Structures are given as structure tokens and as C-alpha cells.
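Subject: Structure for you

Hi,

Here is the structure I promised to send over. Have a look at it first, and then read my notes below.

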Amino acid sequence: MIPKVFREVIDLGDGREISIETGKLAKQAHGSVVVQSGKCMLLCTVVSNYKQSDVDFLPLTVDYREKFAAAGRYPGGFFKREARPSDGEVLTMRLVDRVLRPLFPKDYHSETQVMIQLMSHDDDVMPDAMAGLAASAAIQLSDFPFECAISEARVGRVNGEFVINPTRAQLAESDIDMMIGASADSVMMVEGEMDEISEEEMTEAIKFAHEAIKVQCAAQLKLAEAFGKKEVREYEPERTDEELAKKVHDLAYDKVYAVAKAGSAKHERSAAFGEIKEEIKATFSEEELADFGGLVSKYYSKAEKAAVRDLTLNEGLRLDGRKTNEIRPIWCEVDYLPSTHGSAIFTRGETQALATVTLGTSRDANKIDMPSYEGEENFYLHYNFPPFSTGEARPIRGTSRREVGHGNLAQRALKGMVPDDCPYTVRVVSEVLESNGSSSMATVCSGTMAMMDAGVQLKKPVSGIAMGLISDADSGKYAVLSDILGDEDHLGDMDFKVTGTADGITACQMDIKVKGLSYEILVNALNQAKEGRLHILTKLTDTIAAPASDVKPHSPKMVTRIIPNEFIGALIGPGGKVIQELQKETGTTIVINEDPVTEEGIVEILGTDQTGIDAVITKIDSLMFKPQMNESYKVKVIKMLDFGAVVEYLDAPGNETLLHVSELAWERTENVSDVVNMGDEFEVKYLGTDPRTRKEKVSRKALLEKPEGFVERPPRRNNDRRNDRRDNRDRKPRRD
């Protein structure tokens with residue numbers, strides 16, 4: 001018996017719909033929904049333990065997986081089973097996590113899992129745009145203590161018109177690809193890439209997406225109401241002590257304010273704050289600390305945050321002594337590493353990134369193999385954040401989600417500036433060597449300079465800046481902070497990263513922590529970010545004004561040739577013999593791809609020695625050489641035969657043809673060597689294909705003057721030969 005199913009439908013306004021359904025699948029989960037658009041179906045389940053974990057944070061896990069069966073495909077690899085999540089899946093997990101996490105109570109510490117699975121794929125629907133909706137809808141059906149319904153939506157702009165959740169085909173034509181997460185009241189998260197749009201255009205796109213999200217939030221509430229809204233579970237709250245909180249605040253506030261106002265460096269400031277904290281703890285007995293020492297630390301952190309925020313709002317000063325719109329000192333250097341194809345150092349204050357560039361062929365492209373998308377990236381960026389960059393020692397357990405997310409942001413910032421006709425596959429790797437402030441924006445800056453140093457002809461240089469916001473709803477005061485520190489990232493109400501050229505924004509990432517942030521403040525913050533971004537851009541262009549005119553001497557040179565389809569086999573040779581020997585002889589790498597439209601061969605020749613590249617080009621030209629009727633060509637004798645000489649076209653080495661003995665001279669030639677010898681060079685005339693032998697025919701004598709009185713023998717008549725054979729058949733067989 002099929003249980004009762006509850007369903008709500010969301011109209012996207014252009015004939016497309018999203019449905020949210022519950023009651024049929026995964027009923028033992030604390031909340032489960034199936035979200036469907038077209039043939040795309042996501043199953044989301046949520047579970048949270050009823051017992052609080054013994055930690056001081058929310059152990060929330062958001063897991064998003066795409067099943068290959070959803071697209072009717074097998075997973076790659078030996079075991080044919082889904083394994084570790086792909087970068088694309090990790091990025092979707094981060095998008096959902098960043099919106100959900102702030103809406104749980106700060107004292108809720110139960111282990112919580114949100115699991116989202118792609119169960120059915122539709123080529124016209126991008127599933128990541130519905131993951132946030134699925135997660136929130138499932139939570140609304142649970143008894144979790146969760147503030148309000150949220151959703152996420154992708155917004156694109158095609159031909160000047162905004163589109164909600166565009167198809168992949170529409171996205172290819174769009175100049176905006178942004179994901180917005182919001183509740184009905186407030187925008188909470190923005191991430192995306194743009195084609196050099198203005199701050200005002202970006203704000204309009206956010207507004208447009210927010211209107212669609214309001215409809216999706218309302219649908220979730222209707223579904224929960226129809227299903228039967230559960231009572232919010234009771235949980236053991238954190239211990240509080242208002243009297244202790246006031247005591248710690250009074251002891252710490254003025255001292256912290258004074259240290260913050262002194263404008264010290266990171267380690268000096270951290271040490272001073274640590275001393276204040278220890279002094280406060282010293283005012284309590286060992287028994288008191290054993291009883292409520294954790295609360296003392298918690299209330300000290302609150303007092304520290306309040307003092308630092310007040311300093312900025314009241315006096316416009318920051319922890320390191322800067323004004324709100326001031327950028328830390330910057331120094332840059334290019335061509336630092338002698339063996340890489342390109343390198344650059346970008347240092348801003350206490351943040352430093354060293355970027356390297358590697359140039360390769362299409363064979364080095366980053367292969368993307370997901371159920372929802374298959375393709376290649378000819379430009380990609382990897383970001384590494386080792387523990388020493390923050391002065392810590394901790395285990396390294398593979399690439400973290402943070403590294404995937406920060407690398408993706410920097411890649412999106414730069415990829416639009418790599419020209420479409422760039423012949424190389426370009427890989428940028430950013431090694432973060434110091435971090436106090438945005439290392440992802442330092443990666444954008446170092447990546448820009450490293451590519452210019454490598455000779456990648458970027459359309460325009462790109463810079464990036466991390467911004468913060470501190471606001472006070474009661475007084476109406478707010479301060480936008482340019483180039484934030486790591487400490488300011490935690491104590492602010494919004495942190496956002498913006499990248500762009502001198503002409504517009506190329507990527508952004510925002511996390512907004514206050515409700516009801518006005519669009520006026522957002523626009524002001526974006527405009528201040530533009531000023532800082534342009535300031536940083538001048539530092540980059542002062543270091544390297546334009547891309548290097550050519551790649552470095554030790555870097556591979558790339559030449560691309562187009563050849564007709566019928567010559568691909570000849571270039572490869574039987575079992576790859578020709579191309580393998582050619583690569584070995586010339587010291588090059590040769591990659592052949594077939595154009596899916598024209599079916600022509602695209603030959604990529606990569607090598608550090610121009611002589612080797614030229615040799616490959618000569619071979620290709622030779623393979624494609626086609627002599628023209630009645631044209632003259634210079635040839636060289638490479639083989640002597642009894643009935644002629646084999647000659648090679650000098651303009652096309654490797655192209656050979658037979659010069660028959662009858663075409664050597666007008667006079668009768670008894671021996672080939674009487675006229676030509678090995679190594680002789682001379683001209684011949686191309687006479688096309690001999691209709692009798694069906695082989696190419698060339699002539700030396702056709703270019704010689706006919707001797708005086710020369711009488712050419714009449715051509716043999718074919719009928720005579722046939723008549724001879726017929727006469728022979730009429731004869732009686734001769735016996736021995």
C-alpha cells in the first residue's frame with residue numbers, strides 16, 4: 001500500500017515547474033523530500049541525533065552525491081562504484097552548508113546530517129540549483145530547531161533578461177552565473193562568476209533571484225503545514241550565567257579595547273589578548289575554573305568581539321591600526337622560480353601566495369566526469385593551504401573542502417580573461433605561504449601575474465579584494481572594511497570577496513550574517529570594494545604591465561595545424577608508428593583531435609626546440625602535398641630502378657613518385673643511369689594520373705626541348721593486343 005503523498009508545485013514563470021514531494025520515500029529519516037524539475041529528481045534526507053554531542057559547535061554534515069545510474073551511466077574506475085566526491089559535488093555541499101549552518105541555534109550541538117542525492121538526471125536541468133531547496137524543505141518537515149525556511153536559486157542573464165535556474169545551454173550564452181541563498185526576509189549567500197558586470201547589475205541580479213526564492217520558501221511552509229508541522233524538539237541548552245558574563249565583560253572590555261587600538265601585528269596582538277584572558281582567569285579559584293572555566297572563555301570571546309567592533313564603529317580604527325578603507329602594503333615579484341613556465345609572488349600584509357603556471361596540450365586538460373556533466377577544462381587552478389601558513393602544525397589529510405572552494409573561486413575569477421584562441425592547456429597552482437586575510441584573493445592576484453609572466457595573453461589583468469562589514473542595528477551605524485584580516489572575518493556581519501578587471505566584476509563570494517541587510521549598504525560596500533580592487537590592480541600592473549610577448553625559452557612552444565580528415569591516418573601510421581617515431585625524432589609532443597563539426601584533424605605540436613616543431617610541420621605539409629596538373633616541381637633521385645627512377649619532391653620530403661624510363665628524355669633510353677644518377681636534382685612536370693596504370697605520372701622530357709626532326713612513335717593500339725589474344729585462342733594447343 002502506497003502511503004499518502006503530499007506535494008507542492010513551484011511555478012518558475014516560463015512553463016517550467018519544481019515540485020516538492022514527501023511521504024513516499026525514506027520515511028524513517030527525520031525529514032525527507034523528493035524535489036523534481038523535468039526528469040531531474042533529488043532525494044534529500046535529514047537526521048539529527050537527540051543527544052547533544054560533547055563539543056562546543058554544531059557537528060553538521062552536508063553531503064551531496066550524484067549517482068551515475070541517474071544518468072544511465074557506469075562509474076569509471078576498476079570497481080565501477082561511486083567513490084570519493086568530485087570537486088563539483090564538494091562545491092555544491094559548500095553552497096548548501098553556508099546557508100544552513102547559521103540558522104541552527106548556537107547552543108545546538110547534536111550531530112546532524114543532510115544527505116542530498118541525484119536520483120534521476122535531466123540534461124536541461126542543473127541539479128545543484130535545487131539542492132538548497134531540497135535541504136530546507138526536508139528540515140521543515142523535521143522537528144529540528146531551525147530558524148526559518150531558505151532556498152537557493154541560480155540566476156543567469158541571457159540577451160539582457162534575467163533567468164532563474166537556466167539550463168546549461170542558456171548558461172553558455174549568459175554573462176552571469178550566480179547562486180543566491182536566502183530566506184524570505186534576507187539574502188544570506190552569494191557566489192558566482194560574471195562577464196565584467198557593474199556593481200549595480202550584480203545587485204539587480206541578487207534582487208531578481210531573491211523574489212524567486214520567496215516563492216520557494218512559501219511552498220515549503222505550505223507543504224509542512226499539509227504534512228503536519230512537528231513540534232520543535234527540546235534539547236539541553238548550553239549553561240549560561242549572566243552575572244558571570246557581566247563580570248568577564250567588565251574585566252576584559254577596556255583592556256581589549258586598548259590592545260585593539262594600539263594597532264599591532266597578528267602574533268603580538270594574539271599574545272596580548274591571550275595575556276588578558278589569563279589575567280581574567282587568574283581572578284577565579286581553581287574550583288571555580290573547574291566548574292565554569294568554559295563559560296569564562298566563552299564570555300571573554302564575546303567581550304573581545306564587542307570591544308573590537310566598537311572600536312571600528314566609534315573611531316573608524318581597526319586591529320592593525322588601519323582606517324576602514326585602507327589596504328595593507330603590497331609587494332609583488334614575477335619570474336621568481338627559474339624552471340617553471342611562469343611564476344609570481346603576491347604579498348599583501350601578512351598574506352602571501354606563490355603561483356606557478358604550467359603549459360600543456362589538450363591531453364593535459366582537466367577531465368570532468370559527473371553524472372550531470374561531462375567535459376574538459378583547458379584552464380584550471382589548484383589552491384593549497386598548508387598549516388604552516390598560519391603558524392600551525394596539524395595533520396594533512398588530502399585536499400580539504402575549503403581548498404576546493406577557494407581554488408574554484410579564483411579559477412572563476414580568472415578563466416574569463418583567458419583568450420578563446422589560447423592554444424595551451426593552462427594549469428595554475430597557488431601555494432599559500434602566509435595567511436592573515438583572504439588568501440583566495442591573493443591567489444587571484446598572483447595567478448594573474450604568473451600567467452602574464454608565462455606569456456599567456458590575458459585579455460585583461462584581474463585583481464581581487466576581501467571586504468567586511470560591521471553594523472549596529474540599534475544606532476544605525478555601519479562600517480565597510482577593505483582588505484579584512486582573519487580576525488575581522490570572524491567578528492564581522494558580512495564578509496565578501498570581489499574580483500574583477502578595471503572594467504567590471506568577474507567573480508564574487510558573499511556570506512551575510514545579519515538579517516535584512518539593505519541593498520543600499522550592499523551597493524556602498526561593493527563600490528568601496530571597487531576602489532580597493534583598482535588600487536591593488538595598479539600594484540599588479542606596476543610589476544608586470546602586459547603579458548610577455550612569448551613564452552620562456554625553456555617553456556614549450558605550441559603550434560596548431562588543421563589537416564583534412566583523410567590525412568589523419570597517414571600521420572598516425574599503422575599502430576601509431578609514424579607519429580611515435582616523429583615524436584621521438586623531433587623531441588615534440590603531438591596530439592591529434594578531430595573537430596566534431598567539420599571532422600577536420602586538429603594537430604597540436606608542443607616542444608621546446610623550434611627545429612623539432614618545424615620538422616613536424618614539414619612532415620605534415622609533406623603528407624598533405626598534392627601536385628597540380630601541368631605544374632613543374634623540383635625533385636631528387638632517391639632510388640634507381642631498371643625501368644625508371646624513384647624521385648622525391650623537394651618541397652614535400654617523403655612524397656615519392658616514379659619517373660618512368662620513357663619520360664627521362666626524348667631519345668630512347670637504354671639505361672636509366674645514362675640520363676640520371678642517385679642524388680641528382682632537376683625539375684619534372686606533373687601530368688596527372690595515368691589512366692592505364694592509375695598511378696601518378698611525371699615527366700622530365702616534357703620540360704626539355706624536343707630534338708629537331710624527332711618523330712614520336714605512334715601509341716600502341718589496344719585493339720591490336722586484344723586481336724592478338726583472340727587469334728591465339730583460335731589456334732590449336734601445341735603438344736609436347
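Below is what I found on a few strands and on one pair of helices.

Keep in mind that this is a predicted model.

Strands first. Strand 1 (residues 6-11) and strand 2 run antiparallel, with six bridges joining them. The two make a hairpin, with five residues in between. If you check the backbone in that turn, look at G13, which has a positive phi of about 90°. For a handle on the register, F6 has T22 in strand 2 as its bridge partner.

On to strand 3 (residues 31-37), which is joined to strand 2 by three bridges, again antiparallel. Here you'll find E21 opposite V34 of strand 3. As for burial, strand 2 (residues 17-22) is largely enclosed by the rest of the structure, because five of its six residues are buried.

Now the helices. Helix 6 (residues 266-282) and helix 7 (residues 286-315) have axes that come within 10 Å and cross at roughly 140°. Anything over 145 would count as roughly antiparallel, so this pair is oblique instead. The crossing of the two is right-handed.

Which residues of helix 6 and helix 7 meet? From helix 6 there are F273, I276, K277, I280 and K281, and from helix 7 there are L289, V296, S297, Y300 and E304. By class, that contact of helix 6 with helix 7 comes to six nonpolar, three charged and one polar residue.

Cheers

Definitions and conventions. Residues numbered from 1 in each chain as written. Predicted model: local features only at pLDDT ≥ 70, side-chain atom pairs only at ≥ 80, totals over all residues. Heavy atoms only, no water. Buried < 20%, exposed > 50% of the residue type's maximum accessible area, 1.4 Å probe, protein only. Helix = DSSP H or I, 4+ residues; strand = E, 2+ residues; numbered from the N terminus. Pairing = 2+ DSSP bridges. Axes fitted to C-alpha atoms, helices over the stretch in contact; angles between N-to-C directions. Parallel < 35°, antiparallel > 145°, perpendicular 65-115°, else oblique. Left-handed = near helix turned anticlockwise from the far one by under 90°. Contact = heavy atoms within 4.5 Å. Nonpolar A, V, L, I, M, F, W, Y, C, P; charged D, E, K, R; others polar.
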